[in-house]
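Please open the structure in your viewer and keep the sequence panel beside it. The stops below say what to select next and what is there.

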Amino acid sequence: MHERTTLFNKVIIPEKQVVCEVCKLTKIWNKILKYLAKYKPDILDRIYLDIYNPLPVLLRGNKWFAQFINSYNKKIWSIPIPKKSTVKLMIRAWKVMQERQTRKKIKAFHTDNAPELKEVLDSLVQSDGIVAEYITIATSSQNGTAERAI
């Protein structure tokens, strides 16, 4: 199959790189996209959200923190969290605060498939009509804005 290509040279798969049989047959590679996501035209149109792993105990006993990044102006909010179970209350409180301050509604949250975030965002989809954009599992490059903001 690799000999039958329309390319000028044969496709060569490096032996050191682990590639499954299906990927070898279909020539699928995990590649990082080389373009940036388009900026949204208005504030709170898309918010990137990520929860970061336990850190050493911070001031006031917080071990986790959440980061919200606005796609429009790349403003970052880092919010410490004492327990992972309090994420739901923290996201709702942050959402209400931002919507009151800007007098605009959040239109979309972009995040990874973390179960604690998925539960909260699915409830926001039903109650407020917010769009939840989830990335493909194990592709942190799709959530690059949030990952680079650490």
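**A tour of the predicted model**

Begin by selecting arginine 103, which is exposed, with a relative accessible area of 78%. Bear in mind from this first stop onward that you are looking at a predicted model. Arginine 103 sits in the loop between α2 and β4, and its phi is near 60°, a positive value in a residue other than glycine.

Next, select lysine 74, which is found in the loop between β2 (64-70) and β3 (76-81). Its phi, too, is positive in a residue other than glycine, near 60°. Is lysine 74 exposed or only partly exposed? Its relative accessibility is 32%, and lysine 74 therefore counts as partly exposed.

Now zoom out and show the protein chain as a cartoon, where you can trace 4 helices and 5 strands in the order α-β-β-β-α-β-α-β-α along the sequence. Of its 150 residues, 33% count as buried, while the accessible surface comes to about 10,600 Å², with 58% of that belonging to carbon and sulfur atoms. If you look at contacts between residues at least 6 apart in sequence, 46% of them join residues at least 24 apart.

From the whole chain, move to helix α3 by selecting residues 115-128, and place a distance between its end C-alpha atoms, which are 20 Å apart; this agrees with the 20 Å that 14 residues should span at 1.5 Å a residue.

Staying with α3, colour Glu116, Leu117, Val120, Leu121, Ser123 and Leu124, which are buried. When you turn the view to look down the axis of α3, these buried residues fall within an arc of 155°, so they line one face of the helix. On the other side of α3, select Pro115, Glu119 and Gln126, which are exposed.

What covers the buried residues of α3? Show β1 (47-52), α2 (87-102), β4 (108-111) and β5 (131-134), which are included in that cover. Then step to glycine 129, which follows α3 and has a positive phi, near 75°.

For the last stop, keep β4, α3 and β5 in view together, since they make a right-handed β-α-β unit. The strands β4 and β5 run parallel and are joined by 4 bridges; to find one pairing, select threonine 111, whose bridge partner in β5 is tyrosine 134.

Conventions
Residues are numbered from 1 along each chain as its sequence is written. This is a predicted model: local features need pLDDT of at least 70, side-chain atom pairs count only at pLDDT 80 or more; totals for chains, interfaces and linings use all residues. Side-chain values use heavy atoms; hydrogens and water are left out. Helices (H or I, at least four residues) and strands (E, at least two) are DSSP runs, numbered from the N terminus. The expected span of a helix is 1.5 Å times one less than its number of residues. Buried means under 20% relative accessible area, exposed over 50%, partly exposed in between (1.4 Å probe, protein chains only). The arc is that of the directions from the helix axis to the C-beta atoms. Contact means heavy atoms within 4.5 Å. Accessible areas come from the Shrake-Rupley method with a 1.4 Å probe; for residues, only the protein chains shown count as cover. Two strands pair if DSSP finds at least two bridges between them. A crossover is right-handed if, with the strands pointing away from the viewer, the path from the first strand over the helix to the second runs clockwise.
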